[in-house]
Amino acid sequence: MKAVLLSIFTIALISASRVPLQAAPISVLAYGAACDGLTDDTAAFQKAAAEASRIFIATKSPASIVYVRTCVVKGTVNVSSGVHWVGGGTIIVPKQIGPTFYVTDANDVAFTGNTISVVDSGPDSPYNAAIAWFSTASDSAGHQRLGIENNQISGSAWGISVFYVAGSGSLDDVQIYGNSIVSVKPYSNWDAIHVAGKVSNILINANHVSGRGDAAIALTSEQRGTVVQTPTMATISNNVLHDNLVNLDDSGAHDTKWFNNQISTDKPCP
């Protein structure tokens, strides 16, 4: 009986050793962020992102990044696979000169509970987004798992941009849930949530969008050379959309369900 118990215990230890350990959350403060509402914390955010990426490569387990108080991000924070941004404070963007968070060719990336407030939104471009996921021309991989949930984004030129247009790979399993995306002034910004190109298994649910000068939620096919890349298998449901120039935009998506979205216009759109 003792031999049997010992064998079971040994097997349990071996099995446990194969389970990746979740790393402790990374604080941007440990990488030099002041988060005093005045100092530019972009470099510290980037260092924290690099460390989270290193941990993911070493352990195959995603690493979370946290921050507190009011942090200022004047530049772009590049994000790789396995990086999870978890809110706890507020991010102020004084002037948008590109994406605040820029994800490229990545797997298992998440943004949860972040508050991003843009003061000056800059020009109309899908790259000029608070959170942007883009493919690059050399990419050929099939990427998976992008979660953007319960974030508050205000004043950003575009709110959330997810584009697989460049490259020959794809992006699968995208969840955009429970986010609030607003313009500082009515119709002063462009698309709030835009998914385009070769992206599949998309859930856009329970988001609140108002005041956009273009689309609240858009799914679009995009042409790359002679090839048309199309979003597929999307569910857009239970979103609350009001006072937007365009509330729902389906421009070429395939096998998509739109239902239970609450749409209203508070005043005539220009």
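1. K95 and D120 are joined by a salt bridge, with 3.1 Å between the closest N and O atoms. K95 sits in strand β7, residues 89-95, and D120 in strand β10, residues 115-120, so the contact ties together parts 25 residues apart in sequence. Both ends are partly accessible. K95 has a relative accessible area of 46% and is partly exposed. D120 is also partly exposed, at 33% relative accessibility. Note that this is a predicted model.

2. How many salt bridges does a search of the whole structure find? The count is 3. As background, side chains of opposite charge can pair when their charged atoms come close. The K95 and D120 pair is described above; the other pairs follow.

3. R145 and D108 meet through their side chains in a salt bridge, at 3.9 Å from N to O. The cut-off matters for this pair: a salt bridge requires the side-chain nitrogen to lie within 4 Å of the carboxyl oxygen. R145 belongs to strand β12, residues 142-149, while D108 is in the loop between β8 and β9; the pair therefore ties together parts that are 37 residues apart in sequence. Is each partner buried or exposed, or partly exposed? R145 is partly exposed, with a relative accessible area of 37%. D108 counts as buried, at 15% relative accessibility. The limit for buried is under 20%.

4. R54 and E51 form a salt bridge too, their closest N and O atoms 2.7 Å apart. This one is local. The two residues are 3 apart in helix α2, which means about one helical turn separates R54 from E51. R54 is partly exposed, at 48% relative accessibility.

5. Helix α2 also belongs to the sheet story. An open sheet of 7 strands runs in the order β5-β8-β11-β14-β17-β20-β25, and the pairing is parallel. Its edge strands are β5, residues 77-79, and β25, residues 246-251; each of them pairs on one side only. Neighbouring strands in this sheet are turned against each other by 10 degrees on average, with direction ignored.

6. Start at the β5 edge. β5 pairs with strand β8, residues 101-104, in the parallel sense over 3 bridges. V79 has V103 of β8 as its bridge partner. Helix α2, residues 42-59, packs on the sheet here and touches β5 and β8. The direction of α2 makes about 10 degrees with that of β5.

7. Now the β25 end. Strand β17, residues 193-197, pairs with β20 in the parallel sense over 4 bridges. A196 has T220 of β20 as its bridge partner. On to the edge: β20 and β25 run parallel and are joined by 5 bridges. There, T220 has S251 of β25 as its bridge partner. T220 thus takes part in bridges to A196 and to S251.

8. How many residues of strand β20 are buried? The strand covers residues 215-220, and 6 of its 6 residues are buried, so by the under-20% limit β20 is mostly covered.

9. Further parallel pairings involve β3, β6 and β9. Strand β3, residues 63-66, and strand β6, residues 83-86, run parallel and are joined by 4 bridges. A63 has V83 of β6 as its bridge partner. β6 in turn runs parallel to strand β9, residues 109-112, with 3 bridges between them. H84 stands opposite A110 in β9.

10. What does a search of the whole structure find in the way of disulfides? The search returns 1. C35 and C71 form the link, with their sulfur atoms 2.2 Å apart. The cut-off for a disulfide is sulfur atoms within 2.5 Å. A disulfide is a covalent bond between the sulfur atoms of two cysteines. The link of C35 and C71 is right-handed, with 90 degrees about the S-S bond.

11. The disulfide connects distant parts of the chain. C35 is in the loop between β1, residues 26-27, and β2, residues 36-40, and C71 is in strand β4, residues 69-72; the two are 36 residues apart. Are these cysteines buried or exposed? C35 counts as buried, at 2% relative accessibility. C71 is buried, with a relative accessible area of 0%.

Key: Residues are numbered from 1 along each chain as its sequence is written. This is a predicted model: local features need pLDDT of at least 70, side-chain atom pairs count only at pLDDT 80 or more; totals for chains, interfaces and linings use all residues. Side-chain values use heavy atoms; hydrogens and water are left out. Two strands pair if DSSP finds at least two bridges between them. Axes are lines fitted to C-alpha atoms, for helices over the stretch in contact, and angles run from 0 to 180 degrees between N-to-C directions. Contact means heavy atoms within 4.5 Å. Buried means under 20% relative accessible area, exposed over 50%, partly exposed in between (1.4 Å probe, protein chains only).
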